[in-house]
2 protein chains.
Amino acid sequence: MFPRTKFTAFVATSIDGRIAKNPKELSSTWTSKEDWVFFQKSLPGFDAVVVGFNTYKVSENRLKKRNTIVFTSKVKKPKKVGSVTFLNVNNSDVFDFIKKMNYKKVAILGGPRVYDFFLKNKMLHELSVTIEPLVFGAGVPMFTGEKFTKYNFELQSAKRLNKKGTILLKYKYAS
Amino acid sequence: MFPRTKFTAFVATSIDGRIAKNPKELSSTWTSKEDWVFFQKSLPGFDAVVVGFNTYKVSENRLKKRNTIVFTSKVKKPKKVGSVTFLNVNNSDVFDFIKKMNYKKVAILGGPRVYDFFLKNKMLHELSVTIEPLVFGAGVPMFTGEKFTKYNFELQSAKRLNKKGTILLKYKYAS
């Protein structure tokens, strides 16, 4: 039996579900050191990561060293540069690509449209949410889906990461 | 010394920070029984509640029985109907009104513009957030502020309310 690839999204968010000021500033200067440590410890467990083009641009130096799939509308067919593959989901099947590459565990690192792509394809098997104790009141929401849909998850664990109360919630997809 | 009134916001949200499908449907048919029980147990500890007009319309029968302040642009000066006061924040000072009424503990029940009003006035002293284990991908965000601002909170407690993993986070305003 061929085991399915497991997809895990990592999200750092404010209390009010905002992940950035605007789509061009997806770097997380406001996240805690403790979240960064957790994230860096988690990544080696994954065969590949998926990011959108804006997220890629922000962390290009680090992502170049990994098996990275970058969602972009700028290519007609998958384009490989070192360990980085640029792929357009409108004309290429990313799940097919991941199967061919034999990736078993894939980390989804955002932004919101990338998270949403896996969510609406019901392939967001795990969701790791770090909530920093901040409210932004405006900004980029965690998911930017086209319509209101009820996706059920189940909380696997909750862990406080530091004194001010950064909290790490791990969910599993439930429907 | 005259003690300041304390304002506590109660919010029920999806994992992705959405509190409703659209602004006219602010009733929470998707929240857990356990959150409802927590909320009903909390309310008697407050002297008054503040809601927006849409939220009031959804729960009018219950709110009529309380000291309720309804934010609305439809009145020129505060209008009292039984225990309910309709007030326009553009031409009346709600903090002055609350002081005159001698309310010491006030619960803010939403929607997003009402939460934001207290946030931007730096009067959101406590924030009680119930996260249901759902992702909506779209819908009304928790706060609808005009600009991205960094408000610091501190986590006071985290409590799992049921098996599927509804979690209750209590924050205190920190800056």
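Leaving aside its neighbours within four places in sequence, which residues is B:Arg113 in contact with? Keep that question in mind while the view is being set up, and remember throughout that the model is a predicted one.

Start by selecting chain A alone, whose secondary structure comes to 5 helices and 12 strands. Its radius of gyration is 16 Å, close to the 16 Å that the globule rule gives for 175 residues, so chain A is as compact as a globular protein of that length. Aligned to the principal axes, the C-alpha atoms of chain A fill a box of roughly 45 × 35 × 35 Å. If you colour by burial, 41% of the 175 residues of chain A count as buried. Among the contacts in chain A with a separation of 6 or more, 65% are between residues 24 or more positions apart.

Next, show chain B as well and look for the symmetry. A rotation of 180 degrees, with 0.0 Å of shift along its axis, superposes chain B on chain A with an RMSD of 0.0 Å; the two copies are thus related as by a two-fold rotation axis. To place that axis in the viewer, select B:Gly17, which comes closest to it of the residues of chain B, with its C-alpha at 2.1 Å.

Now select the interface, where 38 residues of chain B are in contact with 38 residues of chain A. On the side of chain B that touches chain A, at least two residues each are supplied by α5, β8 (126-131), β9, β11 (151-160) and β12 (167-173) of chain B, and β11(B) gives the most, with 7 residues. Coloured by residue class, this side of chain B divides into 21 nonpolar, 7 polar and 10 charged residues. Because 100% of the interface residues of chain B are also interface residues in chain A, the copies meet through the same surface.

Stay at the interface and select strand β9 (residues 134-135) of chain A, which is joined to β11(B) by 2 bridges, the two strands running antiparallel. Here A:Val135 stands opposite B:Tyr151 in β11(B).

Then follow the open sheet of 10 strands, whose pairing is mixed and whose order is β5(A)-β6(A)-β4(A)-β3(A)-β7(A)-β1(A)-β8(A)-β12(A)-β11(A)-β9(B). At the edges stand β5 (79-81) of chain A and β9 (134-135) of chain B, each with a single partner strand, so one side of each is left without a neighbour in the sheet. Zoom in on β5(A), which 3 bridges join to strand β6 (residues 84-87) of chain A in an antiparallel arrangement, with A:Val81 opposite A:Val84 in β6(A).

For the interior, select the largest nonpolar core, which has 90 residues; those that touch the most other members are A:Val50, A:Ile108, A:Tyr115, B:Val50, B:Ile108 and B:Tyr115. Centre on B:Ile108, which, leaving aside its neighbours within four places in sequence, is in contact with B:Phe7, B:Thr8, B:Ala9, B:Val50, B:Val114, B:Tyr115 and B:Phe118.

Finally, return to B:Arg113, found in helix α5 (residues 112-120) of chain B. With the same sequence neighbours left aside, B:Arg113 is in contact with B:Gly52 and B:Thr144. Draw a distance from B:Arg113 to B:Phe71, and the C-alpha atoms of these residues, 42 residues apart along the chain, are separated by 9.6 Å. Why does B:Arg113 count as partly exposed? B:Arg113 has 17 C-beta neighbours inside 10 Å, whereas a residue is buried at 20 or more and exposed at 12 or fewer.

Key:
Residues are numbered from 1 along each chain as its sequence is written. Chains are lettered from A and ligands numbered from 1 in the order in which they are written. This is a predicted model: local features need pLDDT of at least 70, side-chain atom pairs count only at pLDDT 80 or more; totals for chains, interfaces and linings use all residues. Two strands pair if DSSP finds at least two bridges between them. Helices (H or I, at least four residues) and strands (E, at least two) are DSSP runs, numbered from the N terminus. Two residues are in contact if their C-beta atoms, placed from the backbone, lie within 7 Å. A nonpolar core is a set of buried Ala, Val, Leu, Ile, Met, Phe, Trp, Tyr and Cys residues joined through C-beta atoms within 7 Å. Copies are superposed by least squares on the C-alpha atoms of residues with pLDDT of at least 70 in both. The radius of gyration is taken over C-alpha atoms; the globule rule is 2.2 Å times the number of residues to the power 0.38. Ala, Val, Leu, Ile, Met, Phe, Trp, Tyr, Cys and Pro count as nonpolar, Asp, Glu, Lys and Arg as charged, and the others, Gly among them, as polar.
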